Amino acid sequence: MIEEPKRPRRSLGPLRMVWREMLKYPGRMATAGGALITTATSTLAIPYGFRQIIDKGFAQGADPNAIRSWFLMLMGVVVVLAVATAIRFYSVSWLGERVVGDIRLRVQRHLLTLAPSFFEENSPKEISSRMTADTAIIEQIVGTTVSVALRNAIMALGGVIYLFALEPGLTAWLVIAIPVVILPIAAFGRKLRAVSRSSQDRVADIGALTAEVLGALKVVQAFNQEGREQGRFAAAVERTFDTGRHRIMIRAIMTAVIMFLIFGSITMIMWRGAIGVAEGSITGGTIAAFVVTAGIVAGAFGSLTEVYGDLVRGAGAASRLAELLSEHPTIAPPARALVLPSPARGKLAFERVTFRYPSRPELPALHDFNLTIEPGETVAIVGPSGAGKSTLFQLAERFYDPQGGAIKIDGVPLASADPAEIRARIALVPQEGVLFAASARDNLRYGNWHADDEAIWQAARAANAEGFLRALPQGLDTFLGEDGARLSGGQRQRIAIARALLRDAPILLLDEATSALDAESERLVQDAVETLMAQRTTLVIAHRLATVRKADRIVVMDGGRIVEQGTHESLSGQGGLYARLASLQFDAVVSGQPIAPLG
Ligand SMILES: Nc1ncnc2c1ncn2[C@@H]1O[C@H](COP(=O)(O)OP(=O)(O)OP(=O)(O)O)[C@@H](O)[C@H]1O
């Protein structure tokens with residue numbers, strides 16, 4: 001949940017963004033506006049009709065035809081009111097849904113252009129809550145609050161004018177009575193909302209405490225802490241009760257005060273009115289119309305007092321969304337992007353690259369780093385955890401720009417090219433096979449949407465994924481479920497490999513999985529990896545002995561620098577970092593033990 005700011009900004013300025021979105025639908029706005037005015041005026045016409053009916057229709061010896069026409073007219077007003085209300089509700093709710101949909105689309109489109117570093121400082125969880133909670137507030141503003149505000153403003157104004165026309169003397173009393181009634185209600189309402197919020201918080205505490213204690217029940221029982229947990233829970237229950245009692249007390253007082261004020265003022269006004277009727281200066285119909293209209297006007301003012309608070313909340317939500325929209329992408333195509341040479345050769349070079357992650361500026365992840373990978377060459381990167389291996393991938397994909405040096409593909413510095421063009425030349429196989437909640441076919445085609453089933457099966461075969469894909473209940477149409485939960489780790493990796501094969505890019509960035517696989521899976525994945533590496537420039541973060549053996553070159557990294565380079569044989573004999581890492585990690589593979597990560 002996005003937390004409400006402690007001291008909410010009172011400015012309604014950010015709502016301009018919402019207003020601009022609404023203006024894109026002038027037809028709907030006009031329909032909604034027309035219906036709004038119609039409902040407000042026909043609501044006010046009802047007391048006018050009452051007055052006529054009471055004064056004329058109920059009079060002794062009245063003409064039945066006149067009675068009929070007055071009642072028919074009143075029925076007509078009621079029909080207009082009902083239909084216009086439906087149209088108003090549909091149009092404003094439509095606007096609410098549409099505007100929020102449009103804002104969500106805009107925000108998502110913008111988020112997709114931002115560099116990954118943005119999401120390190122702004123958690124995706126918080127952003128997704130802005131996409132749901134904040135947009136829901138805006139939907140309420142557009143779909144309800146604005147229409148409530150306008151309708152009530154029209155009714156309040158129209159009602160007061162009608163009342164003055166009807167009975168100026170009584171209305172003067174009413175104008176004094178309205179603030180006397182409304183202001184305490186508004187003040188109580190605010191207090192009540194604050195207390196309700198803290199009451200909800202206390203209830204949430206109870207939920208959290210219950211979950212915590214039940215989740216750790218074995219520990220609680222093993223340490224004989226039942227008494228302590230009972231005490232903690234009892235304290236939380238009492239706190240909740242106290243806040244609840246405070247809330248209902250305010251509510252009880254509020255009810256008494258409001259009832260007294262409302263019925264008290266109505267009685268006072270009726271009293272004045274009764275004197276008028278006795279003196280013959282006011283008719284019974286006028287009194288009836290006056291009381292009904294006064295009720296409408298008071299209700300309208302009451303609603304208006306709530307509107308401002310809602311608008312402030314809406315402005316807060318809009319400003320949080322506007323913040324996301326105003327975030328500039330740090331990685332963007334240059335004004336005049338260089339075109340990468342065609343056909344692609346697949347040369348990847350890091351030239352004197354120095355890089356620090358924006359969130360850790362004090363720690364260089366790469367130090368004056370030089371590495372050139374020739375077209376078709378396979379380079380295996382090994383090194384201890386935190387050596388900077390994954391950082392090479394992040395920079396090659398241009399998720400970040402280095403502070404010094406350059407990364408070049410086929411001689412073109414990444415910063416001078418369009419990121420989309422760079423990424424089209426790279427196939428990335430991440431350590432964890434990322435799967436989308438979609439069919440197996442779409443998960444594979446993520447590498448290339450033009451691939452037909454024949455190409456998909458060919459890639460699946462090459463990635464050793466054909467067997468399990470064919471065994472799926474609906475073949476390629478099988479839904480892989482949230483995050484591909486229905487597949488094993490090894491199967492997910494092979495899907496990721498098949499996807500990269502379909503992408504058919506000249507450069508392959510492969511982060512070998514560190515998770516232990518059984519021998520059979522391991523062999524299948526290894527075969528698939530080898531098919532994938534053939535004839536491509538490959539940079540592989542290696543965790544398997546088979547991979548480093550196959551590599552043309554092994555680059556050993558530590559602390560963001562290259563410390564050794566060579567082949568498995570040459571490096572094993574040197575007695576350096578590689579030999580140490582290899583003896584710790586690879587012997588296990590050789591002896592058939594589960595594979596442990598090298599990095
Ligand atoms: N997003 C990030 N923000 C800040 N620092 C980071 C980030 N990613 C990595 N680092 C830091 O940069 C350094 C290099 O990290 P990198 O992920 O490249 O190491 P690695 O060799 O791939 O390690 P491992 O084998 O554990 O994945 C580490 O000190 C790490 O803590």
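This is a short tour of a sheet, the helices that pack on it, and the nonpolar cores of a predicted model.

Begin by selecting the six strands that make up an open sheet, which are arranged in the order β6-β7-β8-β3-β9-β10 with mixed pairing. At its edges you will find β6 (426-429) and β10 (561-566), each of which pairs on one side only. Stepping across the sheet from one strand to the next, the twist averages 20°.

Next, select strand β3 (residues 378-382) together with strand β8 (residues 537-541), a pair that runs in the parallel sense and is joined over four bridges. Within this pair, T378 can be found standing opposite T538 in β8.

Now add helix α10 (residues 389-396), which packs on the sheet and touches β3, β6, β7 (507-511), β8 and β9 (553-558), while its direction makes about 145° with that of β7. Then bring in α15, a helix that lies across β6 and β7 and runs at about 180° to β6.

From the sheet, turn to the largest nonpolar core, which has 69 residues, and pick out I381, I497 and A498, the members that touch the most others. The largest share of this core is supplied by helix α15 (residues 489-503), which contributes seven residues. Centre the view on A498 and display its contacts with L444, A459, A460, A463 and A465, a list that leaves out residues up to four places away in sequence.

Finally, select L15, L36, F50 and A300, which are among the 43 residues of another core, lying apart from the largest nonpolar core.

Definitions and conventions:
Residues numbered from 1 in each chain as written. Predicted model: local features only at pLDDT ≥ 70, side-chain atom pairs only at ≥ 80, totals over all residues. Core = buried A, V, L, I, M, F, W, Y, C linked by C-beta atoms within 7 Å. Buried ≥ 20, exposed ≤ 12 C-beta atoms within 10 Å, placed from the backbone. Helix = DSSP H or I, 4+ residues; strand = E, 2+ residues; numbered from the N terminus. Contact = placed C-beta atoms within 7 Å. Pairing = 2+ DSSP bridges. Axes fitted to C-alpha atoms, helices over the stretch in contact; angles between N-to-C directions.
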